[in-house]
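User: Could you zoom in on one part of this model and talk me through it closely? I'd like to hear about the packing of helices, and then what surrounds it.

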Amino acid sequence: MKIDFQHNQAAHCENGVTSNLLQYYGIHLTEPMVFGIGSGYFFSHMPFMKLNGMSVTSFRVLPGWIFKRVTRRLGIRVKRRKFSNPDKAMEELDRMLEQGRPVGLLVGVFHLPYFPKEYRFHFNAHNITVFGKEGDRYYVSDPVMENVETLSFEELKKVRFSKGTYPPKGRMYYIESVPAQPEIRSAIVKGIRNTAKDMLTIPIPMFGIDGIRYLARKLRKWPAKLGDKAAALNLSQVIRMLEEIGTGGAGFRFIFAAFLQESAGILQQPALNELSAEMTVIGDAWRNFAWQAARCFKNRDKGMITYDKLADQLMDIAGKEENIFRKLRSLNL
Amino acid sequence: MKLDDVPQDEAYLIEGKIRDVCYVVDKEGHYTRALSKGWIPKNEAIRLAWNQIYEHAEETRRRVLDGKLSPIAFYMEINIMDISILADYVEIPKRKIRKHLLMKGFNKLTPELLARYAQALNISPGELVDKERLREIVLTNED
């Protein structure tokens with residue numbers, strides 16, 4: 001049994017699952033549209049959350065928020081389930097498939113057999129869509145893969161019940177109903193406003209624009225505080241978060257620029273085209289930061305690129321991002 | 001990033017199977033998509049992370065072969081697990097895992113619990129107790 005479901009590759013898994021599921025129900029939104037309406041753009045540097053013993057840096061909102069915001073803003077009804085019993089979780093999945101519903105699943109990547117080994121860390125917030133079953137094998141639309149993949153019953157059960165930080169616990173979600181004429185324009189405006197608010201106004205120094213400056217201040221002190229080796233590891237982890245599979249380049253900054261450009265047309269707001277171009281410049285600045293940082297942690301530059309200089313670059317990026325979101329907030333959309 | 005600048009620094013991604021979707025601007029300034037086989041800065045960030053894992057695992061292997069730690073300690077590291085993740089997979093408390101990381105505790109494992117460890121560490125129970133196998137594992141991600 002196979003649902004007539006179109007797999008489209010995306011940069012990011014949650015954008016991709018959301019976009020593919022919506023498409024199945026007749027709502028055609030590109031990945032940048034999903035990301036923008038879902039206010040996916042963010043920045044945080046969180047010393048209270050550790051990954052491999054180092055503070056977590058993130059360029060997006062928490063897993064699940066994009067899907068939640070997009071469906072809410074478009075008036076789409078969704079159903080979410082989680083399970084304590086793996087067999088029950090698989091039974092429910094089968095039941096949904098038999099009803100002809102494609103199902104979104106939260107999975108861990110560590111045991112995903114089709115993923116390159118080097119990318120298989122204990123990351124538990126990956127999203128896939130399952131859209132059919134033939135014998136023991138499930139048809140899987142994994143947005144970061146170029147083609148449709150399949151997983152056996154046991155493989156799927158294992159990734160749905162992976163362990164570690166934030167275990168997925170068999171979480172699944174599916175669309176119950178969609179409105180005949182979803183309000184795309186107002187959803188775009190809400191998405192932009194929400195992102196500007198997130199980036200500019202959260203009164204905690206680790207989040208938004210302040211978070212970039214916070215990281216810059218900490219990064220400046222890494223070599224003195226942690227020693228060269230740990231400083232290099234911390235820096236390389238920031239780069240991995242910035243450029244890991246699924247950011248579309250430069251920690252989602254280019255996806256957001258694409259969203260602003262597409263929105264300029266839909267909302268008839270030429271000002272958004274200019275802001276899109278500015279956002280592209282910011283993305284390029286992040287890429288430049290990554291390039292310099294890699295030279296620094298590889299130590300190929302013989303000390304020419306210092307943590308001080310990298311911190312200065314981040315401060316400059318923070319200023320640019322602040323500027324663009326102030327403009328976005330004052331736009332009369 | 002411009003369409004012509006999409007990096008193709010091949011390392012870990014696989015053409016035709018998994019490549020990065022990049023959002024880039026074309027000559028007219030319009031956003032479009034392109035696939036990338038990888039980019040040097042992120043390839044190097046990944047390589048550094050793995051080198052770190054392998055360096056720790058090498059040290060742990062030496063201590064296992066010296067009889068100071070049990071093979072569980074080694075396989076835990078090459079599965080990028082810590083005591084907490086392993087405890088979740090084996091479904092026993094962390095303090096017990098700590099005991100089993102030493103040879104004294106490891107030798108007292110029941111076959112049933114040994115099998116659970118082996119499953120969590122993605123090997124067979126026979127492989128888990130085989131120190132020769134452990135000696136032969138090559139720790140590198142360089143070609």
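Analyst: **A three-helix meeting point**

α10(A) and α1(B) cross in a left-handed way (the near helix is turned anticlockwise from the far one by less than a right angle; clockwise would be right-handed). Bear in mind that this is a predicted model, where local features need pLDDT of at least 70, side-chain atom pairs count only at pLDDT 80 or more, and totals for chains, interfaces and linings use all residues. Residues are numbered from 1 along each chain as its sequence is written, while chains are lettered from A and ligands numbered from 1 in the order in which they are written.

Back to that pair: the angle between α10(A) and α1(B) is about 40 degrees, and their axes are 9 Å apart. Axes here are lines fitted to C-alpha atoms, for helices over the stretch in contact, with angles from 0 to 180 degrees between N-to-C directions. The helices themselves are DSSP runs (H or I, at least four residues; strands are E, at least two), numbered from the N terminus.

Who does the touching? On the α10(A) side you have Ala290(A), Trp291(A), Ala293(A), Ala294(A), Phe297(A) and Lys298(A), and α1(B) answers with Ile40(B), Pro41(B), Glu44(B), Ala45(B) and Leu48(B). Contact means that C-beta atoms, placed from the backbone, lie within 7 Å. Sorted by class, that patch has nine nonpolar residues, no polar ones and two charged ones (Ala, Val, Leu, Ile, Met, Phe, Trp, Tyr, Cys and Pro are nonpolar; Asp, Glu, Lys and Arg charged; the others, Gly among them, polar).

Now bring in a third helix. α8(A), residues 228-243, and α10(A), residues 270-298, have axes that come within 10 Å and cross at roughly 150 degrees. That makes α8(A) and α10(A) roughly antiparallel to each other (under 35 degrees is roughly parallel, over 145 roughly antiparallel, 65 to 115 roughly perpendicular, the rest oblique). The crossing of α8(A) and α10(A) is left-handed too. From α8(A), Ala232(A), Leu235(A), Ser236(A), Ile239(A), Leu242(A) and Glu243(A) come up against Trp286(A), Ala290(A), Ala293(A), Ala294(A), Cys296(A) and Phe297(A) of α10(A). That contact splits into ten nonpolar residues, one polar and one charged.

α8(A) also reaches across to chain B: its axis and that of α1(B) come within 9 Å and cross at roughly 130 degrees. α8(A) and α1(B) are therefore oblique to each other, and α8(A) passes α1(B) in a left-handed crossing. Here Ala232(A), Leu233(A), Ser236(A), Ile239(A), Arg240(A) and Glu243(A) of α8(A) meet Pro41(B), Lys42(B), Ala45(B), Ile46(B), Leu48(B), Ala49(B) and Gln52(B) of α1(B). By class, the residues of this contact are eight nonpolar, two polar and three charged.

If you want one residue to click on, try Phe297(A), which sits in α10(A). Phe297(A) is buried, with 25 other C-beta atoms within 10 Å (buried is 20 or more such atoms, exposed 12 or fewer, partly exposed in between; C-beta atoms are placed from the backbone). Leaving out residues up to four places away in sequence, Phe297(A) touches Ala232(A), Leu235(A), Ser236(A) and, from the other chain, Leu48(B). Phe297(A) and Leu235(A) are 62 residues apart in sequence, yet 7.0 Å apart in space, C-alpha to C-alpha.

Stepping back, the whole interface has 31 residues of chain B in contact with 38 residues of chain A. On the chain B side, β1 (20-25), α1 (40-65) and α3 (83-90) each give two or more residues. α1(B) supplies the largest share of that side, ten residues. Class by class, the chain B side has 22 nonpolar, three polar and six charged residues.

One last bit of context is the largest nonpolar core (buried Ala, Val, Leu, Ile, Met, Phe, Trp, Tyr and Cys residues joined through C-beta atoms within 7 Å). Among its 103 residues, Val130(A), Ile255(A), Phe256(A), Ala293(A) and Leu314(A) touch the most other members. α10(A) gives the most to this core, with eleven residues. There is also a second, separate core of 20 residues, including Val64(B), Tyr75(B), Met76(B) and Ala118(B). Over in chain B, helix α2 (residues 71-78) is mostly covered, with six of its eight residues buried: Pro71(B), Ile72(B), Ala73(B), Phe74(B), Tyr75(B) and Met76(B). Just past α2(B), Ile80(B) takes a positive phi of about 50 degrees.

Methods. Contact = placed C-beta atoms within 7 Å.
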